[in-house]
Amino acid sequence: MSRIVFLNGSFLPIEEAKVPFMDRGFLFGDGVYEGIAILDGHLVDNDAHLERLERSLREVRIPNPYTRAEWTRLEEEIARRNGMTEGFIYFQVTRGVAERDFMFPENTAPTVAMFTQAKAIVNAPAAEKGIAVITVPDQRWSRRDIKSINLLAQVLAKQAAKEAGAQEAWMVQDGFVTEGGSSSGFIVTKEGRIVVRPLSNAILPGITRKSLLALSQDAGIELEERLFTVEEAYDAAEAFMTSASTFVLPIVSIDGRSIGDGKPGPITKKLREIYIRMASSPRMAAE
Ligand code: PDD
């Protein structure tokens, strides 16, 4: 079966999906995106992802081409056409095609592109073993709350992680961890409390982060929403990351130092289980 993508109103084989040379996404990185998990054939936290997309578009003043119901229909349709029951759906909106000029073009329709990536999220080996993280300086702009397609700093950060034998980079500003290259970062204190950086323009408001915090409250796990330093992370009992494409992943080393006993910690494991339970229940995920 050929891979089917969505481009500007049509579902078509990927080989036939062509974006014009002068697309502002290509030339300026002038666009925003979303990424959402599909598990057991249903969309995880779809409403919250679409709400964040609406916000990103509003902040960069790109008109939203679809209603929430229309976006949902497209997501469901692309999953169906690719026979995908578990994996990741990516979608982006750019300001469209126009002769290169920095200012917004007039009367230009946004470019909408969507594709799927089949992936075992629940049975990922990284969830069993945990992952290694390195820290790097956070070199991004000051509106990290917008899910912009400009990801050069994250590309460089994650490549540095790979070259160091790690799977994620935690970005650091003024000694404090902001977030992962493509994930939210958490530590667990020796007292068993979760510590996570509060929302601001310095980080992306992670949807998995949001759901997980609600679930952890229900499970009676205490939360400290505050900044934490790299040194505090080295010394934490546990560390983990969250994202739509991985859910909750244990972090077992940071900059080569073992976290806790160097194995996925009990609170992280419990949170992963709770999250998966929520994600595999369409009714709960929709609430
Ligand atoms: N990245 N922080 C950053 C910088 C991210 O890129 C992401 C997600 C997150 C987690 O957000 P959420 O829980 O809503 O996925 C935090 C996606 C998965 C990506 O770019 O592939």
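The exercises below work through the strands and helices of a predicted model.

Local features need pLDDT of at least 70 and side-chain atom pairs count only at pLDDT 80 or more, while totals for chains, interfaces and linings use all residues. Residues are numbered from 1 along each chain as its sequence is written, and side-chain values use heavy atoms, with hydrogens and water left out.

**Exercise 1. Describe strand β1 and its partners.**

Solution. Begin with the strand itself, bearing in mind that helices (H or I, at least four residues) and strands (E, at least two) are DSSP runs, numbered from the N terminus. Strand β1 covers residues 4-7, and both of its faces are covered, since Ile4 and Phe6 on one side and Val5 and Leu7 on the other are all buried (under 20% relative accessible area with a 1.4 Å probe, protein chains only).

Next, turn to the pairing, which requires that DSSP finds at least two bridges between two strands. Strand β1 runs antiparallel to β2 (residues 10-13), and four bridges join them; Val5 has Leu12 of β2 as its bridge partner. Two residues lie between the strands of this hairpin, where Asn8 takes a positive phi near 45 degrees.

Then consider β6 (residues 111-118), which is joined to β1 by two bridges and is also antiparallel to β1. Here Phe6 stands opposite Met114, and Leu7 has Ala113 as its bridge partner.

**Exercise 2. Place β1 within the whole sheet, and find what packs on that sheet.**

Solution. The open sheet has six strands in the order β2-β1-β6-β5-β3-β4, with antiparallel pairing. Its edge strands, each pairing on one side only, are β2 and β4 (42-43). Helix α2 (residues 46-60) packs on the sheet and touches β3 (31-39), β4 and β5 (87-94), where contact means heavy atoms within 4.5 Å. The direction of α2 makes about 175 degrees with that of β3; axes are lines fitted to C-alpha atoms, for helices over the stretch in contact, and angles run from 0 to 180 degrees between N-to-C directions. Helix α3 (residues 68-81) lies across β1, β2, β3, β4, β5 and β6, at about 40 degrees to β6.

**Exercise 3. How do α2 and α3 pack, and at what angle?**

Solution. The two helices pack at an angle of about 120 degrees, with their axes 11 Å apart. Helix α2 is therefore oblique to α3, because angles under 35 degrees count as roughly parallel, over 145 as roughly antiparallel, 65 to 115 as roughly perpendicular and the rest as oblique. Finally, the residues in contact include Leu50 and Leu53 of α2 and Trp71 of α3.

Key: Buried < 20%, exposed > 50% of the residue type's maximum accessible area, 1.4 Å probe, protein only.
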